[in-house]
Amino acid sequence: MAVETSSSRKPSSSTGRCWRRLIAAAVAGAIAATLGWGGMIYAANNSVQGAKKEVEGGFDGDAPTAILIEASSGSVLFEKNADELRAPSSMMKLMTAEVVFNAIKKGEIKLTDEYRVSENAWRKGGAPSGGSTMFAAIHSKIAVDDLLRGAIIQSGNDACMVLAEAMAGNERTFAAEMMTKRAREIGLEKSTFGNSNGLPDPANKMTVRELARLARHIIQTYPDFYKLFGEREYTWNKIRQQNRNPLLTSLEGADGLKTGFTKEGGYGMVGSAVQNGMRLIVVVNGLNDPDDRASEAKKMLEWGFRNFEARTLFAAQQQVGYAKVFGGESRSVKLASPEPIKVMVPKNGSEKLIARIVYSGPVRAPIESGQRVGVVKVWRGPNVALEAPVYAAEPVARGSTMRRAIDGASELVIGMFRAGAEKL
């Protein structure tokens, strides 16, 4: 497996007049130095063998949009239209739950806090609405702990609305500010929200990739709260309701997460299961039938468990590659990861993997050991199978005045070459 180094260069600021002669004298050498970096390739010795042969029994799902990932590494096993924005329906309740989990973790609210059920939440999300509800009584007070169970196990629209109104004053503010802000903080760049529960709203849009990332984040960040998703039933207001997730009773090791349906979005599901110590997360959306939703998610998970295994590309702290340095004692910095970098590959077979280090550079000195520099992207075929952050494996001190001047000249030359190429 080859690891290519790809940087997005940023022209440095112009140097002062007092350095012009120095820069002019260094330009000739700088041209050779900078052009030498353009095609740098670092070949890793620990390649993962692979044939171009397709996975035996390869999956070809019926869902319009779908993705299957391994939870520990985030490695993608299968994807289909994974970046297409669609109505997430009740699967969007995962984002509402995450906002509440985060607020509890930060000490902003407590599980024992009690919130009042407004007439708005009762009428639009409760018993009179005809939708999924925890049957919260109007004007009653309900603890956050019970509201979370109502939202997660019973898929109660009223439970989400009560939480949103109490935390943000109204549901629209909760969705537009708290949910969207938090989504961006955890790396969901495309998701938008118009309410807290997934009821039809033009602003409710998510991709299956971001739903999978959200599920993975919840599983890894809130292991105690995640247990709620596996509870089979919950009783509130003397009404017992079963968890709507069909995987809990049909697939070994299944313990989450959420189903959803609206006419606009179709039938969808975020599911997760653990078998033989490996956790997979599946997301499907846009199906026409609830049975198809259940069978599609189950088949995809079973296919993943049956056909894939984890391979280590780089051990913890093993050198992955280099990044170019601007103005440092060294012209480059070694990159590594504090955790092993693993990717899922087919069992009983092999396939070619291509990796590339992507960073914005050159990286300006001084650089601290452990400073995040970029990511290593791993392609399996045409799709990105894995993205993992890489960090400086060593410190790089600020270089001499001469070194900084030469590097400044390098960037000026590169900027001129780029500007010329763009005009062609």
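The following dialogue concerns the residues that a UniProt record marks as an active site, and threonine 96.

Student: What kind of model is this, and how are residues numbered?

Tutor: This is a predicted model, in which local features need pLDDT of at least 70, side-chain atom pairs count only at pLDDT 80 or more, and totals for chains, interfaces and linings use all residues. Residues are numbered from 1 along each chain as its sequence is written, and side-chain values use heavy atoms, with hydrogens and water left out.

Student: Where does UniProt place the feature "active site"?

Tutor: Such annotations may be inferred rather than shown by experiment. Here the unreviewed UniProt entry gives Ser90, Lys93 and Ser155. These residues span 66 residues in sequence, yet no two of their C-alpha atoms are more than 7.8 Å apart, so they gather at one spot.

Student: Is lysine 93 buried or exposed?

Tutor: Buried means under 20% relative accessible area, and exposed means over 50%, with partly exposed in between (1.4 Å probe, protein chains only). Lysine 93, in helix H2, has a relative accessible area of 4% and is therefore buried. Serine 90 also counts as buried, at 11% relative accessibility.

Student: Which side chain forms a polar contact with lysine 93?

Tutor: A polar contact is a pair of N or O atoms within 3.5 Å; within protein, one must be able to donate a hydrogen and the other to accept it, and residues adjacent in sequence count only if both atoms are side-chain atoms. The side chain of serine 155 forms one of 3.4 Å with that of lysine 93.

Student: What lies 2.5 Å from a polar side-chain atom of threonine 96?

Tutor: The backbone oxygen of serine 196 does. Threonine 96 is found in helix H2.

Technical notes:
Helix = DSSP H or I, 4+ residues; strand = E, 2+ residues; numbered from the N terminus.
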